[in-house]
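User: I would like a close look at one helix-to-helix packing in this model, with enough of the surrounding fold to place it. Please keep it in one connected account.

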Amino acid sequence: MKTIIITGASDGLGKALAEACVKNNMRVINISRTKSFSGVENICCDLSKQEDIDRAVEIIKEKYSDFNVLVNNSAIVGYEPINNISYEKFERTWKINTIAPLYLISKLYDLIVKNEADVLNIGTTHSQHAHPGIENQLAYCATKYGLRGGSYNISMELKKTKSRLIHVYMGGFQSRMHEKDYGNVMTDHENWMKPSDLAEILLYLVNLPKGIEISEITINRKGRRG
Ligand SMILES: NC(=O)c1ccc[n+]([C@@H]2O[C@H](COP(=O)([O-])OP(=O)(O)OC[C@H]3O[C@@H](n4cnc5c(N)ncnc54)[C@H](OP(=O)(O)O)[C@@H]3O)[C@@H](O)[C@H]2O)c1
C-alpha cells in the first residue's frame with residue numbers, strides 16, 4: 001500500500017486529494033492543526049512553529065518512515081494592504097508557505113531519497129507572472145515565489161537520485177482559503193476549478209510512471225492565464 005503524507009489535508013485541495021487517495025487504497029497521513037476525515041491518520045502540527053515541525057518529523061520517522069509521497073500543500077494568504085503589512089503577518093506567511101515546506105523536505109530528505117519517494121509542492125500561478133487579482137497579496141506572491149525557488153534547488157539535487165519533485169503552479173479553485181484569511185466569501189463558484197477535478201490530476205502525478213519526470217506543471221481553468 002502506498003503511503004502519502006499531505007500537509008493541509010483537513011480542508012480544501014489537500015482534503016480532496018486525501019479523499020481521492022483513500023478511494024485508491026492509499027494510506028494518507030495529514031499534517032495540519034485540525035484532523036481530516038476518518039480514514040486519514042493525523043499528525044497535529046502548526047507549520048508556523050519549528051518545534052511542531054520537528055515533532056512531526058520524529059513521528060514520521062517512527063511511524064511512517066516508508067512513505068512514498070510528500071505533498072506540501074498547506075498555505076495561507078497573508079492578505080494585507082501593500083502600504084500596511086505587519087511584520088508579524090509577513091513572517092507568519094513566510095513560515096507557513098515557504099520555510100515549512102522546504103524545512104520539511106530538508107528534514108525528510110534522506111528518507112525521501114532512501115524510499116525513492118516523490119515530492120509535490122503546491123504553488124500558484126501568482127508566482128509565475130503578474131496579473132490583476134493579486135491586490136493585497138504581497139506576502140502570498142513573495143512566499144510562493146520563494147517556494148518556487150526552493151523547488152528548483154531541490155529538484156536539481158534530486159536529479160542525482162530516483163526521487164522527483166514536481167512544482168505545481170495551481171490556478172484558482174473553489175476554496176475557503178480567502179474567506180478564512182480575510183472573510184472574502186466565494187460566491188462565483190462556477191468561475192473556479194473544482195478541487196475534486198484537481199485531486200484526480202494530482203493523483204495521477206503522485207503515481208507517475210517511474211521513467212517519467214515532470215518538474216513543473218501549470219493547471220488552470222480553460223482559457224485563463226493566471
Ligand atoms: N484556493 C485557490 O484558489 C488556490 C489557487 C492557487 C494555489 N492554491 C494553493 O493550494 C493550496 C491549498 O489551498 P486551499 O485553497 O485548499 O486552502 P484551504 O482550503 O484554506 O486549506 C489550507 C490547508 O492548510 C492548512 N494550514 C493552514 N495553516 C496551517 C498551519 N499553520 N499549520 C498547518 N497547516 C495549516 C489548513 O489546515 P488547518 O487549518 O487544519 O491547520 C488546511 O488544511 C495552497 O498551497 C494554496 O496556496 C490555492
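Analyst: What follows starts with the whole chain and then turns to the packing of one pair of helices.

The model is a predicted one, and its protein chain holds 6 helices and 7 strands, which follow one another along the sequence in the pattern β-α-β-β-α-β-α-β-α-β-α-α-β. For 226 residues, a compact globule would be expected to have a radius of gyration near 17 Å, and the protein chain, with 17 Å, agrees with that expectation. Along the principal axes, the C-alpha atoms fill a box of roughly 45 × 40 × 35 Å, and 46% of the 226 residues count as buried. Among the contacts in the chain with a separation of 6 or more, 67% join residues that are 24 or more positions apart.

Within this fold, the pair to examine is helix 3, residues 87-115, and helix 4, residues 138-158, whose axes come within 8 Å of each other and cross at roughly 15 degrees. Because angles under 35 degrees count as roughly parallel, helix 3 is roughly parallel to helix 4. The crossing of these two helices is right-handed. On the side of helix 3, the contact is made by Phe90, Thr93, Trp94, Asn97, Thr98, Pro101, Leu102, Ile105, Tyr109 and Val113, while helix 4 contributes Leu138, Ala139, Tyr140, Ala142, Thr143, Gly146, Leu147, Gly150, Ser151, Ile154, Glu157 and Leu158. Taken by residue class, the contact of helix 3 with helix 4 comprises 14 nonpolar, 7 polar and 1 charged residues.

One of the helix 3 residues in this contact, Val113, deserves a separate description. Val113 has a relative accessible area of 28% and is therefore partly exposed, since the buried class requires a value under 20%. Leaving out residues up to four places away in sequence, Val113 touches Leu158, Thr161 and Ser163, and Leu158 is also among the helix 4 residues of the contact between the two helices. The C-alpha atom of Val113 is separated by 17 Å from that of His167, which is 54 residues away along the chain.

Before helix 3 in the sequence, Glu80 lies in the loop that runs between strand 4 (69-72) and helix 3. Glu80 counts as buried because its relative accessibility is 17%. When its neighbours within four places in sequence are set aside, Glu80 is in contact with Ile85, Ser86, Lys89 and Asn136.

Conventions. Residues are numbered from 1 along each chain as its sequence is written. This is a predicted model: local features need pLDDT of at least 70, side-chain atom pairs count only at pLDDT 80 or more; totals for chains, interfaces and linings use all residues. Side-chain values use heavy atoms; hydrogens and water are left out. Axes are lines fitted to C-alpha atoms, for helices over the stretch in contact, and angles run from 0 to 180 degrees between N-to-C directions. Angles under 35 degrees count as roughly parallel, over 145 as roughly antiparallel, 65 to 115 as roughly perpendicular and the rest as oblique. A crossing is left-handed if the near helix is turned anticlockwise from the far one by less than a right angle, and right-handed if clockwise. Contact means heavy atoms within 4.5 Å. Ala, Val, Leu, Ile, Met, Phe, Trp, Tyr, Cys and Pro count as nonpolar, Asp, Glu, Lys and Arg as charged, and the others, Gly among them, as polar. The radius of gyration is taken over C-alpha atoms; the globule rule is 2.2 Å times the number of residues to the power 0.38. Buried means under 20% relative accessible area, exposed over 50%, partly exposed in between (1.4 Å probe, protein chains only).
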